[in-house]
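Q: I am new to this model and would like a close look at a single part of it, with some setting around it.
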Number of protein chains: 2
Amino acid sequence: MKISRESMVGTRKFNEEKVLDIAVDVFSRKGFIATTMLDLAEETGVQRGSLYNAYKNKNVLFLKAFSHYTNNFLTLIEGELQNSDAKKAFTQLLNTVVERLCSDKEVRGCFSTRAIMEAAQKCPDIQLCLTRFLDGLEVIMKNRLEQAIKDKQFGGNAQSTARYLVALTRGIAVIERVYNDKSRMTEVYQTALEYMPFNKVT
Amino acid sequence: MKISRESMVGTRKFNEEKVLDIAVDVFSRKGFIATTMLDLAEETGVQRGSLYNAYKNKNVLFLKAFSHYTNNFLTLIEGELQNSDAKKAFTQLLNTVVERLCSDKEVRGCFSTRAIMEAAQKCPDIQLCLTRFLDGLEVIMKNRLEQAIKDKQFGGNAQSTARYLVALTRGIAVIERVYNDKSRMTEVYQTALEYMPFNKVT
DNA sequence: GTCATCTTTGACATACTTGTCAAGGATAAT
DNA sequence: ATTATCCTTGACAAGTATGTCAAAGATGAC
């Protein structure tokens, strides 16, 4: 009979929550390929051997870190869309995305977009969780757009617009890498929002 | 006195044009980091030592390959925008971009977008040429949009719309990596075009 | 034909990364 | 206190990539 980990005797010393937070940060800064287990060991303070023991390899560790990141991010996104004015809701969402991409002390890229470009095709398991992540993003935006249509605040197609917005946010993450310029990223999403068929709230 | 390379005695054996074409292909498929000099040597048929002799290192070889790619690509883009109907012109452009991303026998990514995500921040020289490339793309689109405005075919701002479109094409390249689905990419650019303030030709 | 000069080739040293393992350490359960 | 079990630690082996170099090869200029 299998015993739950919590009741086992040789207990893990490190704080997994912290480790995954740091892993997300390292992967965001260095990218998936360039990040080594040694990097992760040094930055988390956990021995490389312990990481191998706990996660088997970089792929698995990445997947754990990714799911950690995803949960936080999608919850955040959903929260940003709460505004009852649809255009304001999406403005706030995109503004938050841009802020997150730029606010860090060090220059770092978008965790998911970097992973997509480096690992999606190479590792089926990673591609799957990336697909799920973008699908999740799309659903959240689609739902908000459907609400906006009901509220007569939006005059487009919810599904295709959500897909379009997912792509646009990825594009903004790419732009960040090249220009490293928040105002340019803001300009991009403002232009997009301006063109979208939002209606004034009556 | 410096003698031009063409008149020198120990002449290069390999066809640089071909090598750079292949290099672009390899970098597109494997990404910048994952591509090794050995990969390039094997796929081009040129000895690794010869590549080091000719290009010093991977960065330099990449820069050469990139400029090779850029010249072709920007010329192509400009050509696609020739249609006198602005909306049709941009439709054709985006369609070509999508076709290029999907048409290859093997699954490969967008050369420039992969490089942006992997190398932009790490290598100033590579970042510079990537910046120039996106700037070039932007200018070409901006010029066409200004023409469209003169022709009363477009009712937006040329500069910011061009920037927006550059970001959008990057986003489409990211989507390609995850979903590998041409119809999704098409859906994205069609949605974008539909929302842009084009006017019917009178 | 000879020479000067560059290219090609294969070998080499170095460095880095991965993944594994055995020995020792820590602790919940009894 | 003992035990069973897992974790930690440092060392090790194997694989991979880089960059350099000397010797050999090729060719335009003379």
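At the start of α5(A), which residue has a side-chain oxygen that reaches to within 2.9 Å of the backbone nitrogen of K87(A)?

A: The residue is D85(A), whose side-chain oxygen comes to within 2.9 Å of the backbone nitrogen of K87(A) at the start of α5(A). This is a predicted model, in which local features need pLDDT of at least 70 and side-chain atom pairs count only at pLDDT 80 or more, while totals for chains, interfaces and linings use all residues. Residues are numbered from 1 along each chain as written, chains are lettered from A and ligands numbered from 1 in the order written, and side-chain values use heavy atoms, without hydrogens and water.

Helix α5 of chain A (helices being DSSP runs of H or I with at least four residues, numbered from the N terminus) takes in residues 86-102, and its 17 residues reach 24 Å from first C-alpha to last, close to the 24 Å expected at 1.5 Å a residue. Its buried residues (under 20% relative accessible area with a 1.4 Å probe, protein chains only) are A86(A), A89(A), F90(A), L93(A), L94(A), T96(A), V97(A), V98(A) and L101(A). The cover over these buried residues includes α4 (58-80), α7 (124-150), α8 (158-179) and α9 (182-195) of chain A.

As for the setting, chain A has nine helices and zero strands, and buried residues make up 54% of its 202 residues. Among contacts in chain A (heavy atoms within 4.5 Å) with a separation of 6 or more, 69% join residues 24 or more positions apart. The C-alpha trace of chain A spans about 65 × 45 × 30 Å along its principal axes.

How values were computed:
Helix = DSSP H or I, 4+ residues; strand = E, 2+ residues; numbered from the N terminus. Buried < 20%, exposed > 50% of the residue type's maximum accessible area, 1.4 Å probe, protein only. Expected span 1.5 Å × (residues − 1). Polar contact = N/O pair within 3.5 Å; in protein donor to acceptor, adjacent residues only side chain to side chain.
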